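Here is a quick tour for anyone meeting this chain for the first time. Have a look at the picture, then read on.

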Amino acid sequence: MDVPLWLTLIVVGALGIKLIRPPWWLVAVILLGGYLLADSFLAPVIDTAITK
């Protein structure tokens with residue numbers, strides 16, 4: 001079964017917010033930081049670290 005990454009992130013994020021209750025600004029900073037890192041020069045380094 002192939003689950004899209006965006007659906008997995010939404011489910012994990014919703015459970016994390018519901019169970020841990022972090023401040024909304026922290027969630028926004030993590031999401032924005034991840035988005036910016038994914039489009040930066042560090043993306044290949046992160047990709048090789050994750051796929052190993």
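## Overall shape

What radius of gyration does the chain have, and what would a compact globule of 52 residues have? The chain comes out at 13 Å, while a compact globule with that many residues would be near 10 Å. Keep in mind that this is a predicted model. If you boxed up the C-alpha atoms along the principal axes, you'd need roughly 30 × 30 × 15 Å.

What is the chain built from? You'll find three helices and zero strands, and reading along the sequence gives the pattern α-α-α. Not much is tucked away: 2% of the 52 residues count as buried. The accessible surface adds up to about 5000 Å², and carbon and sulfur atoms account for 76% of that.

## The first helix and its greasy patch

Let's start with α1, which runs over 5-20. Its 16 residues should span 22 Å at 1.5 Å a residue, and the end C-alpha atoms are indeed 22 Å apart, so the two values agree. How many of its residues are buried? The count is zero, which leaves α1 hardly covered.

This part of the chain also brings us to a nonpolar surface patch of about 1100 Å². Its members are Met-1, Val-3, Trp-6, Leu-7, Ile-10, Val-11, Leu-15, Leu-19 and Ile-20. A bit of background helps when reading that list: an α-helix has 3.6 residues a turn, so residues three or four places apart point the same way. One member, Val-3, sits in the segment before α1. Val-3 is partly exposed, because its relative accessibility is 43%, and that falls between the cut-offs of 20% for buried and 50% for exposed.

## The turn at Arg-21

Just after α1 comes Arg-21, with a positive phi of about 60°. Arg-21 has that positive phi although it is not a glycine. Where does Arg-21 sit? You'll find Arg-21 in the loop between α1 and α2. Is Arg-21 buried or exposed? With 65% relative accessibility, Arg-21 counts as exposed, because the cut-off for exposed is over 50%.

## The second helix

Next up is α2, covering 24-38. This helix has 15 residues and reaches 21 Å from its first C-alpha to its last, close to the 21 Å expected at 1.5 Å a residue. Just one of those 15 residues is buried, so α2 lies largely in the open.

Ala-28 is one of the residues in α2. Its relative accessible area is 44%, so Ala-28 is partly exposed. How far is Ala-28 from Ile-10? They are 18 residues apart in sequence, and their C-alpha atoms are 14 Å apart in space. Ile-10, remember, is one of the residues in the nonpolar patch.

There's a database note here too. UniProt, in an unreviewed entry, places the feature "transmembrane region" at residues 24-46. In the model, that stretch is 83% helix and 0% strand, with its end C-alpha atoms 25 Å apart.

## Toward the end of the chain

Phe-41 is in the loop between α2 and α3, and α3 covers 43-51. Phe-41 is exposed, because its relative accessible area is 72%. From Phe-41 to Lys-52 is eleven residues in sequence and 19 Å in space, C-alpha to C-alpha.

How values were computed. Residues are numbered from 1 along each chain as its sequence is written. This is a predicted model: local features need pLDDT of at least 70, side-chain atom pairs count only at pLDDT 80 or more; totals for chains, interfaces and linings use all residues. Side-chain values use heavy atoms; hydrogens and water are left out. Patches are made of residues with over 30% relative accessible area and no salt bridge: like charges are joined within 9 Å, nonpolar side chains (Val, Leu, Ile, Met, Phe, Trp, Tyr) within 5 Å. Accessible areas come from the Shrake-Rupley method with a 1.4 Å probe; for residues, only the protein chains shown count as cover. A salt bridge is a side-chain nitrogen of Lys or Arg within 4 Å of a carboxyl oxygen of Asp or Glu. Helices (H or I, at least four residues) and strands (E, at least two) are DSSP runs, numbered from the N terminus. Buried means under 20% relative accessible area, exposed over 50%, partly exposed in between (1.4 Å probe, protein chains only). UniProt positions are given in the numbering used here, feature names are shortened, and annotations may be inferred rather than shown by experiment. The radius of gyration is taken over C-alpha atoms; the globule rule is 2.2 Å times the number of residues to the power 0.38. The expected span of a helix is 1.5 Å times one less than its number of residues.
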